[in-house]
Amino acid sequence: MSKNSKFKIGSGSRKGYVSQFQIDTPIIEFTEKNNTLVKKNKIYNKSSENMSELLDNSISLTVTSPPYNIGKDSDLNLTDEEYWDLMKKVFTETFRVTKSGGRVVVNVANLGRKPYIPIANLFTQLLIDIGFLMRGEIIWQKSKGANANFAWGSWRSASNPVIRDIHEYCLVFSKHSFKNSSENESTISKEEFMESTLSVWNILPARAKKIGHPAPFPVELPEKFINLYSFEKDIILDPFLGSGTTAIAAIKNKRFYIGYEIKKEYVNLAKKRITEETS
Ligand SMILES: C[S@@+](CC[C@H](N)C(=O)[O-])C[C@H]1O[C@@H](n2cnc3c(N)ncnc32)[C@H](O)[C@@H]1O
């Protein structure tokens with residue numbers, strides 16, 4: 001590893017709701033800088049490739065799962081080049097709005113079998129190229145295996161056995177510094193800290209049909225990142241908000257949220273879920 005390698009090793013009780021954490025309450029501004037007021041607890045129905053509503057260095061933590069480009073309802077229908085160009089724009093904007101010391105978590109699954117597409121590696125490289133420092137990755141184990149899919153490839157034959165993924169990745173990055181500081185409180189218990197700092201998390205997946213979105217993650221996933229990587233009253237961003245799961249996790253843990261979602265129907269779904277699950 002060269003001296004200048006960007007991969008060089010660096011040094012390196014929840015619940016209880018308060019009215020100010022309710023939805024769409026454009027209260028306190030991040031800063032008075034340039035007389036710009038930025039709303040908290042807000043969903044923007046637009047593409048996150050441009051987050052001009054947000055000030056530079058204003059977000060403490062982003063937790064998100066990007067759309068893929070493979071034809072599900074929540075997916076995009078772009079060429080590979082257009083897709084990666086869009087992802088580059090969104091995460092460059094995310095870098096701009098993230099505070100120094102702030103964190104970004106990207107949840108992705110690898111896809112395909114012929115060949116297998118290592119999407120997690122591609123996102124890792126993209127964020128490193130944008131300038132993020134990688135902190136590590138969590139393997140989100142979604143099942144013990146009994147219910148995993150039955151696409152064996154070849155059954156009990158070495159001709160073409162297929163690996164059945166029961167995990168996804170959560171890639172974790174920092175901006176500028178691994179250390180973050182705040183006058184506000186951390187909210188993580190001893191037991192949760194011990195568990196959340198391990199690299200494998202066992203969390204059951206969310207039920208897409210029940211929620212009404214094709215690719216939601218469970219509230220517990222952003223909730224664990226919020227408690228591990230942010231302080232009370234911090235602002236949590238999800239540039240691909242979908243059904244609003246990150247916002248729900250933020251409010252339940254006394255943080256604020258900002259979300260971007262391009263589809264109006266998912267914005268409405270997110271607002272409904274936020275109201276129902278946090279009041
Ligand atoms: C994988 S889903 C996120 C699901 C979310 N984590 C949840 O729990 O519901 C990705 C979402 O990004 C939205 N999306 C796609 N392109 C977008 C863009 N350019 N800007 C904002 N949202 C976008 C899709 O409509 C979809 O709802």
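This report covers the core, the strands, one enclosed helix and the ligand shell of a predicted model.

## Nonpolar core

The largest nonpolar core holds 53 residues. Leu171, Ile236, Ala247, Ala250 and Ala270 have the most contacts inside it. Two of these names return below with their strands: Leu171 lies in strand 5, which spans residues 167-174, and Ile236 lies in strand 7, which spans residues 235-238.

Ala270 has partners beyond its sequence neighbours. Leaving aside residues within four places in sequence, Ala270 is in contact with Ile43, Leu241, Ser243, Gly244, Ala247, Gly259 and Glu261. Ala247 also belongs to the group with the most contacts inside the core.

## Strand 5 and its two partners

Strand 5 is mostly covered. Of its 8 residues, 7 are buried.

Strand 5 pairs with strand 3 (residues 98-108) in the antiparallel sense, over 6 bridges. In that pairing Val105 stands opposite Val172 of strand 5. Strand 5 also pairs with strand 4 (residues 133-141), again antiparallel, over 8 bridges. Here Gln141 stands opposite His167 of strand 5.

## Strand 7 and the parallel pairings

Strand 7 is buried on both faces. Ile235 and Leu237 point one way, Ile236 and Asp238 point the other way, and all are buried.

Strand 2 (residues 59-64) runs parallel to strand 7, and 2 bridges join them. Thr62 has Leu237 of strand 7 as its bridge partner. Strand 8 (residues 256-260) also runs parallel to strand 7, joined to it by 4 bridges. Leu237 has Ile258 as its bridge partner in strand 8. The chain leaves strand 7, passes through helix 6 (residues 245-252) and reaches strand 8; this β-α-β crossover is right-handed. Ala247 and Ala250, listed among the core residues with the most contacts, fall within the span of helix 6.

## Helix 5

Helix 5 covers residues 220-229. Because 9 of its 10 residues are buried, helix 5 is largely enclosed by the rest of the structure. The buried set mixes residue types: Leu221, Pro222, Glu223, Lys224, Phe225, Ile226, Asn227, Leu228 and Tyr229.

## Ligand shell

The ligand is surrounded by 20 residues. Pro216, Phe240, Gly242, Ser243 and Thr245 are the closest. By type, the shell has 9 nonpolar, 8 polar and 3 charged residues.

Ser243 ties two parts of this picture together. Ser243 is among the closest residues to the ligand, and Ser243 is also in contact with Ala270. Thr245, another of the closest residues, is where helix 6 begins.

Technical notes:
Residues are numbered from 1 along each chain as its sequence is written. This is a predicted model: local features need pLDDT of at least 70, side-chain atom pairs count only at pLDDT 80 or more; totals for chains, interfaces and linings use all residues. A nonpolar core is a set of buried Ala, Val, Leu, Ile, Met, Phe, Trp, Tyr and Cys residues joined through C-beta atoms within 7 Å. A residue is buried if 20 or more other C-beta atoms lie within 10 Å of its own, exposed if 12 or fewer, and partly exposed in between; C-beta atoms are placed from the backbone. Two residues are in contact if their C-beta atoms, placed from the backbone, lie within 7 Å. Helices (H or I, at least four residues) and strands (E, at least two) are DSSP runs, numbered from the N terminus. Two strands pair if DSSP finds at least two bridges between them. A residue is near a molecule or strand if its C-beta atom, placed from the backbone, lies within 6 Å of it. Ala, Val, Leu, Ile, Met, Phe, Trp, Tyr, Cys and Pro count as nonpolar, Asp, Glu, Lys and Arg as charged, and the others, Gly among them, as polar. A crossover is right-handed if, with the strands pointing away from the viewer, the path from the first strand over the helix to the second runs clockwise.
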